[in-house]
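The exercises below work through one structure, each with a task and a stepwise solution. Please keep the sequence and the coordinates in view while reading.

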Amino acid sequence: MCIFCKIVNGEIPSKKVYEDDKVLAILDLSQAEKGHTLVIPKAHFDTMLDADSQTVSHAFEVASKLANKIKTNLNADGINILNNSYEAAGQTVMHMHIHIIPRYKNDDLKIEFTDHSSLYNLDDVLAEINK
Ligand code: 5GP
Ligand code: ZN
């Protein structure tokens, strides 16, 4: 059984932020920023791309509501909501989860996008996506 399934069924303790019959939200051990929370579907899906659309919708709806609550109550200045799917995208726990990361002015977390637009022709990329 995976580590998040063990958390969901109570074998491993966690700090519970929210729970309903479909999802569990807990504080991330790493606390990349204060209040860093994970929304975890109770059913096991290796990645978000394996999950059915109802599970994905509900998990993101909960993430959105919790993001508002966390931003207000922790006086955050912004929020990153992100999902890593597959190892190449930074996924380390192979059970779907959504990160809610509160952001504070002048915090030191780096989530950066490098501009690689010179490498690609956008029409070619579009055609490839829609082939
Ligand atoms: P990923 O890199 O897969 O998107 O994120 C996995 C996250 O799970 C990491 O941020 C890591 O800190 C967190 N994590 C790993 N093991 C545990 C655990 O046992 N309990 C909690 N609360 N978080 C964990
Ligand atoms: Zn699992």
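**Exercise 1. Classify Glu19 as buried, exposed or partly exposed, and place Glu19 in the fold.**

Solution. The relative accessible area of Glu19 is 39%, and because partly exposed covers the range between 20% and 50%, Glu19 is partly exposed. The model from which this value is computed is a predicted one. Turning to secondary structure, Glu19 belongs to strand β1, which covers residues 16-19. When residues up to four places away in sequence are set aside, Glu19 touches Leu24 and Lys42. As for distance, Glu19 and Phe45 are 26 residues apart in sequence, and their C-alpha atoms are 18 Å apart in space.

**Exercise 2. Describe the order of secondary structure elements and the overall dimensions of the chain.**

Solution. Begin with the count, which gives three helices and five strands. Read from the N terminus, these elements follow the order α-β-β-β-α-β-β-α. Next, the C-alpha trace spans about 50 × 35 × 25 Å along its principal axes. Of the 131 residues, 34% count as buried. Finally, among contacts with a separation of 6 or more, 54% are accounted for by residues 24 or more positions apart.

**Exercise 3. Which residues of the largest nonpolar core touch the most other members, and which elements supply at least two residues of this core?**

Solution. The largest nonpolar core has 15 residues, of which Val39, Ala59, Leu66, Met96, Ile98 and Ile100 touch the most other members. The elements that each supply at least two residues of this core are β2 (23-27), α2 (53-73) and β5 (98-103), and α2 gives the most, with seven residues. A second core, separate from this one, has seven residues, including Phe4, Ile7, Ile40 and Val93. As background, nonpolar side chains in soluble globular proteins tend to be buried together.

To follow one core member outward, take Leu66, which is in contact with Val17, Tyr18, Ala25, Val39 and Ile100 once its neighbours within four places in sequence are left aside.

**Exercise 4. Determine where Ile81 lies and which residues Ile81 touches beyond four places in sequence.**

Solution. Ile81 is found in strand β4, residues 78-82. With residues up to four places away left out, Ile81 touches Phe60, Ala63, Ser64, Ala67, Ile98 and His99. The relative accessible area of Ile81 is 38%, which makes this residue partly exposed. In sequence Ile81 and His95 are 14 residues apart, while C-alpha to C-alpha they are 17 Å apart in space.

**Exercise 5. Characterise the largest pocket by its volume and by the residues that line it.**

Solution. The volume of the largest pocket is about 260 Å³. Its lining is made up of 13 residues, and those closest to the centre are Ile7, Ile26, Leu27, Asp28 and Leu29. Sorted by character, the lining residues comprise 10 nonpolar, one polar and two charged. Both α1 (3-8) and β2 supply at least two residues of the lining, and α1 gives the most, with three.

**Exercise 6. Compare the backbone setting and the accessibility of Gln31 and Asn106.**

Solution. Gln31 is not a glycine, yet its phi is positive, at about 45°; Asn106, likewise not a glycine, has a positive phi of about 70°. Gln31 lies in the loop between β2 and β3 (37-41), and Asn106 in the loop between β5 and α3. At 30% relative accessibility Gln31 counts as partly exposed, whereas Asn106, at 80%, counts as exposed.

Lys105 is also placed in the loop between β5 and α3 (122-129), and with a relative accessible area of 66% Lys105 is exposed. The C-alpha atoms of Lys105 and Thr47 are separated by 31 Å, and the two residues are 58 residues apart along the chain.

**Exercise 7. How many disulfides does the count come to, and are Cys2 and Cys5 buried or partly exposed?**

Solution. A disulfide requires a pair of cysteine sulfur atoms within 2.5 Å, and by this rule the count comes to zero. Cys2 has a relative accessible area of 21% and is partly exposed. Cys5 has 15% relative accessibility and counts as buried, because buried means under 20%.

How values were computed:
Residues numbered from 1 in each chain as written. Chains lettered and ligands numbered in written order. Heavy atoms only, no water. Core = buried A, V, L, I, M, F, W, Y, C linked by side-chain atoms within 4.5 Å. Buried < 20%, exposed > 50% of the residue type's maximum accessible area, 1.4 Å probe, protein only. Contact = heavy atoms within 4.5 Å. 1 Å grid on protein atoms, 1.4 Å probe; cavity = no way out; pocket = protein on both sides within 12 Å on 5 of 7 lines; lining within 4 Å. Points joined across faces, edges and corners; volume = space filled by probe spheres on them. Nonpolar A, V, L, I, M, F, W, Y, C, P; charged D, E, K, R; others polar.
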